[in-house]
Amino acid sequence: MDTTAQRSVPGAQSVARAAQLLRLVTSGGNDGMPVAELARRAGLTRPTTHRLLTALRHEGLVDQDERSGRWMPGPELYLMGTVAASRYDITAVARDIVRSLAVRTEESAFLSVRRGDETVCLLREEGSFPIRSFVLSEGVRFPLGVASAGLAILSFLPPHDVDAYFERHPDLPREWGVAHSVQRLRTRLRDTQERGYAVNPGLIVEGSYGIGAAVFTREGHPQWALSLTGVEFRFGPDRLPELGRTLLAHAHQLTTRIAASR
């Protein structure tokens with residue numbers, strides 16, 4: 001976030017706070033999020049949070065469930081999203097690839113996109129294996145380097161971008177555990193570069209494993225990622241290499257398709 005712009009442009013701080021609340025509300029999905037949790041995550045007081053949410057609701061950007069009081073995305077976001085989708089959305093060209101990945105592996109498969117310093121899940125396809133992990137679903141956000149999708153993307157960014165990311169986010173170990181210290185993350189980045197795909201060995205939810213592979217723009221930038229999640233025993237050393245090869249093949253297929261469609 002550009003703090004210089006916030007200081008010099010009138011109203012920029014309010015816009016930034018409102019935008020942050022919109023991101024948090026959408027991350028709650030269909031269940032929404034209570035105002036107290038939104039205030040905590042945004043680092044704002046509850047009155048300030050409620051005032052901003054009320055203004056956003058007046059514009060149709062958020063809505064509030066009358067029974068639960070939880071806040072959720074509003075109708076104007078949908079209308080804006082349909083316009084923006086023609087430029088940014090790749091779900092139409094990716095859906096069958098994500099579905100194929102779920103069928104081939106029997107695990108839950110996902111497509112995520114990089115948005116700034118986060119990844120946002122765009123698609124989820126359930127695998128046929130009856131025991132599943134529910135860490136990730138459409139609209140859920142994670143910082144780069146936390147979930148396997150974001151770790152895969154971060155691994156293939158230019159080194160100076162990786163350094164700048166760590167400088168902007170010194171609080172990753174405090175928020176996500178010591179496994180997300182800079183030193184440990186850099187080790188996982190190197191491992192990801194060598195393997196071609198990232199591995200998250202239950203670092204978000206114990207026993208829930210994930211692997212991710214970057215998907216690139218025509219210019220070679222890691223902008224999206226395909227990932228798989230499931231329970232620990234399904235990602236053991238006897239099966240992980242096979243899952244990784246299948247994931248990389250599908251990621252390459254999607255990269256090729258994106259390049260041909262743009």
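This report describes a predicted model, starting from its sheet and moving to the helices packed around the sheet and elsewhere.

Because the model is predicted, local features need pLDDT of at least 70 and side-chain atom pairs count only at pLDDT 80 or more, while totals for chains, interfaces and linings use all residues. Residues are numbered from 1 along each chain as its sequence is written, and side-chain values use heavy atoms, with hydrogens and water left out.

## The sheet

Helices (H or I, at least four residues) and strands (E, at least two) are DSSP runs, numbered from the N terminus. Two strands count as paired if DSSP finds at least two bridges between them. On this basis six strands make an open sheet in the order β5-β4-β3-β8-β7-β6, and the pairing is antiparallel. Its edge strands, each pairing on one side only, are β5 (141-143) and β6 (198-201). From one strand to the next the twist averages 30°. Axes here are lines fitted to C-alpha atoms, for helices over the stretch in contact, and angles run from 0 to 180 degrees between N-to-C directions.

Three of the strand pairs are listed below, with their bridges.

| Strand pair | Sense | Bridges |
|---|---|---|
| β3 (residues 108-115) and β8 | antiparallel | six bridges |
| β7 (residues 208-216) and β8 | antiparallel | nine bridges |
| β4 (residues 118-125) and β5 | antiparallel | three bridges |

Strand β8 covers residues 222-231, and nine of its 10 residues are buried, so β8 is largely enclosed by the rest of the structure. Buried means under 20% relative accessible area, exposed over 50%, and partly exposed in between (1.4 Å probe, protein chains only). Individual bridges fix the register of β8 against the strands beside it: F110 has S227 as its bridge partner, and V215 has W224. The connection between β7 and β8 is a hairpin with five residues between the two strands, and G220 in the turn has a positive phi of about 95°. At the β5 edge, V120 stands opposite R141.

## Helix α6 and the residue after it

Helix α6 (residues 91-105) lies across β3, β4 and β8 and runs at about 65° to β4. The expected span of a helix is 1.5 Å times one less than its number of residues. For the 15 residues of α6 that gives 21 Å, which agrees with the 20 Å between its end C-alpha atoms.

The buried residues of α6 are T91, A94, I97, V98, L101, A102 and T105. They cover an arc of only 145° around the axis, which puts them on the same side of α6. The arc is that of the directions from the helix axis to the C-beta atoms. An α-helix has 3.6 residues a turn, so residues three or four places apart point the same way. On the other side of α6, A92, V103 and R104 are exposed. The cover over the buried residues includes β3, β4, β8 and α11 (240-261), with contact meaning heavy atoms within 4.5 Å.

E106 follows α6 and sits in the loop between α6 and β3. Its phi is near 70°, a positive value in a residue other than glycine. E106 is partly exposed, with a relative accessible area of 33%.

## Helix-helix packing

Two packed helices are described by the angle between their axes and the distance between the axes. Angles under 35 degrees count as roughly parallel, over 145 as roughly antiparallel, 65 to 115 as roughly perpendicular and the rest as oblique.

Helix α7 (residues 148-155) lies across β3, β4, β6, β7 and β8, at about 145° to β8. The axis of α7 comes within 9 Å of that of helix α10 (residues 182-195), and the two cross at roughly 80°. That makes α7 roughly perpendicular to α10. From α7, the residues L151, A152, L154 and S155 meet L185, R188, L189, T192 and Q193 of α10.

Helices α2 (residues 12-27) and α4 (residues 46-58) have axes 10 Å apart and pack at an angle of about 80°. That makes α2 roughly perpendicular to α4. Their contact is made by R17, A18, L21, L22 and V25 of α2 and T48, T49, L52, L53 and L56 of α4.

Q20 is also found in α2 and, at 24% relative accessibility, counts as partly exposed. Leaving aside its neighbours within four places in sequence, Q20 is in contact with R41 and A42. Q20 and A42 are 22 residues apart along the chain, and their C-alpha atoms are separated by 6.9 Å.
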